[in-house]
Amino acid sequence: MADPASYPVLTPFAVGIRARCPRCGQGHLFRGFLTLAPSCEVCGLDYSFADPADGPAFFVISIVSFPVIAFAAWLELTYSPPIWVHLLTSAPLLIGGCLALLRPLKGWLVAAQYINKAGEARLVRKGED
Ligand SMILES: [Zn+2]
């Protein structure tokens, strides 16, 4: 493992959306589509710290659903199309948009968690680290 000072300064967004290791920026963050790898194959960073929980799903729902539902409502109120039109327009937009954003947002949150040293709060007495 290299000296920590030798790692480049990385931003969570830059490495997260590319699904790369938040420490070295080289190794892969994911083993599958959304499953985190156990560690970085380049620098050996253990990814067990990573716990984005429901964060990626919340952001994806917030980003994708509001414009797609607005589009579907506009389509319905303007043209009153049969339901199959919604199944061919709104449903693929909703599903495709969610699938396209989940992985980059999860990578971004995991990278932000590492770079900002986020963790559970704990009590520290004077003199302890
Ligand atoms: Zn790495």
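I looked up Phe58 in this predicted model. Its relative accessible area is 53%, so I logged Phe58 as exposed. Phe59 comes out at 37%, which makes Phe59 partly exposed.

Next I checked how these two rings face each other. The centres of Phe58 and Phe59 are 5.4 Å apart. Their planes meet at 70 degrees, so I noted the pair as edge-to-face.

I then searched the whole structure for aromatic pairs. How many are there? The search returns 5. One of them joins Phe49 and Tyr114, with 5.4 Å from centre to centre. The planes of Phe49 and Tyr114 stand at 45 degrees, and I entered this pair as tilted.

What does this pair tie together? Phe49 sits in the loop between helix 1 (12–17) and helix 2 (55–79), while Tyr114 belongs to helix 3 (residues 83–115). The pair therefore links parts that are 65 residues apart in sequence. I looked up exposure as well. Phe49 has 26% relative accessibility and counts as partly exposed. Tyr114 is partly exposed too, with a relative accessible area of 26%.

I also found an aromatic cluster, made up of Phe71, Trp74 and Tyr79.

Last entry: the metal site. Which residues coordinate the zinc ion? I found the SG atoms of Cys21, Cys24, Cys40 and Cys43, at 2.2 to 2.3 Å. The donor residues follow the spacing C-x2-C-x15-C-x2-C. Why is the arrangement tetrahedral? The 4 donor atoms subtend angles of 105 to 116 degrees around the zinc ion, and tetrahedral requires all angles to lie between 85 and 135 degrees. I checked burial for two of the donor residues: Cys21 and Cys24 are both buried.

Terms used. Residues numbered from 1 in each chain as written. Predicted model: local features only at pLDDT ≥ 70, side-chain atom pairs only at ≥ 80, totals over all residues. Heavy atoms only, no water. Donors = N, O, S within 2.8 Å, 3.2 Å for Na, K, Ca; no water. Tetrahedral: all angles 85-135°; square planar, octahedral: opposite > 155°, others 65-115°. Buried < 20%, exposed > 50% of the residue type's maximum accessible area, 1.4 Å probe, protein only. Phe/Tyr/Trp six-rings, centres within 6.5 Å; stacked < 30°, edge-to-face > 60°. Helix = DSSP H or I, 4+ residues; strand = E, 2+ residues; numbered from the N terminus.
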